[in-house]
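Student: Hi! Could you walk me through this one? I'd like to start with the charged pairs.

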Amino acid sequence: MDEVKIHSKWLTKLVSKYIMKAIKKSLGYDVRVDIGSIYVSVDDDDMAHLHLEVNADVNKDDLEKFIDEKIG
């Protein structure tokens, strides 16, 4: 089994910025994403398991708009 654990503040901030840009580009919403840690493991069957510790902040109006468009 292979494992990758990322706790580096610099690298998690870099990934957070990438995710924020991807959300803005694909959905049009400004979301502040703060990843605390990333853990990835790949088992012997080549199944990857991903665990993220994530906090996100979004404007209430954008959240309501997203829920209305995507869920209801």
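Student: How many salt bridges are there in the whole structure?

Tutor: Hi! This is a predicted model, and a search through the whole of it turns up four salt bridges.

Student: Which residue does D57 pair with?

Tutor: D57 pairs with R32, and their closest N and O atoms are 2.4 Å apart. This salt bridge links distant parts of the chain: D57 is in strand 3 (residues 48–58) and R32 is in strand 2, 25 residues apart.

Student: Is D57 buried or exposed?

Tutor: In between! D57 has 41% relative accessibility, so it counts as partly exposed. R32 is partly exposed too, at 46%.

Student: OK, and what does K60 pair with?

Tutor: K60 forms a salt bridge with E64, with 3.8 Å between the closest N and O atoms. Because K60 and E64 are four residues apart in helix 2, about one helical turn separates them.

Student: Why does a spacing like that work in a helix?

Tutor: An α-helix has 3.6 residues a turn, so residues three or four places apart point the same way.

Student: Nice. And what about K24?

Tutor: The side chain of K24 meets that of D30 in a salt bridge, at 3.3 Å from N to O. K24 is partly exposed, with 39% relative accessibility.

Student: Switching topic: which residues make up the largest nonpolar core?

Tutor: There are six of them: I6, Y29, V31, V33, I35 and I38. Strand 2 gives the most to this core, with four residues.

Student: What does V31 touch?

Tutor: Setting aside residues up to four places away in sequence, V31 touches M20, I23, A56, D57 and V58. You've met D57 already, as the salt-bridge partner of R32.

Student: What about S37, is that buried or exposed?

Tutor: S37 is buried, since its relative accessible area is 10% and the cut-off for buried is under 20%. S37 sits in strand 2 (residues 31–42). Apart from neighbours within four places in sequence, its contacts are I6, H7, T12, H51, L52 and E53.

Student: Where do nonpolar residues show up on the surface?

Tutor: V58, L63, I67 and I71 make a nonpolar surface patch of about 350 Å². I71 lies in the segment after helix 2 (60–70) and is exposed, with a relative accessible area of 67%.

Student: Last one: how many residues does helix 1 have?

Tutor: Helix 1 (residues 9–27) has 19 residues, and it reaches 26 Å from its first C-alpha to its last, close to the expected 27 Å. Just after helix 1 comes G28, which takes a positive phi of about 85°.

Notes: Residues numbered from 1 in each chain as written. Predicted model: local features only at pLDDT ≥ 70, side-chain atom pairs only at ≥ 80, totals over all residues. Heavy atoms only, no water. Helix = DSSP H or I, 4+ residues; strand = E, 2+ residues; numbered from the N terminus. Buried < 20%, exposed > 50% of the residue type's maximum accessible area, 1.4 Å probe, protein only. Contact = heavy atoms within 4.5 Å. Patch = residues over 30% accessible without salt bridge, like charges linked within 9 Å, V, L, I, M, F, W, Y side chains within 5 Å. Areas by Shrake-Rupley, 256 points an atom, 1.4 Å probe, with all protein chains shown as cover. Expected span 1.5 Å × (residues − 1). Core = buried A, V, L, I, M, F, W, Y, C linked by side-chain atoms within 4.5 Å.
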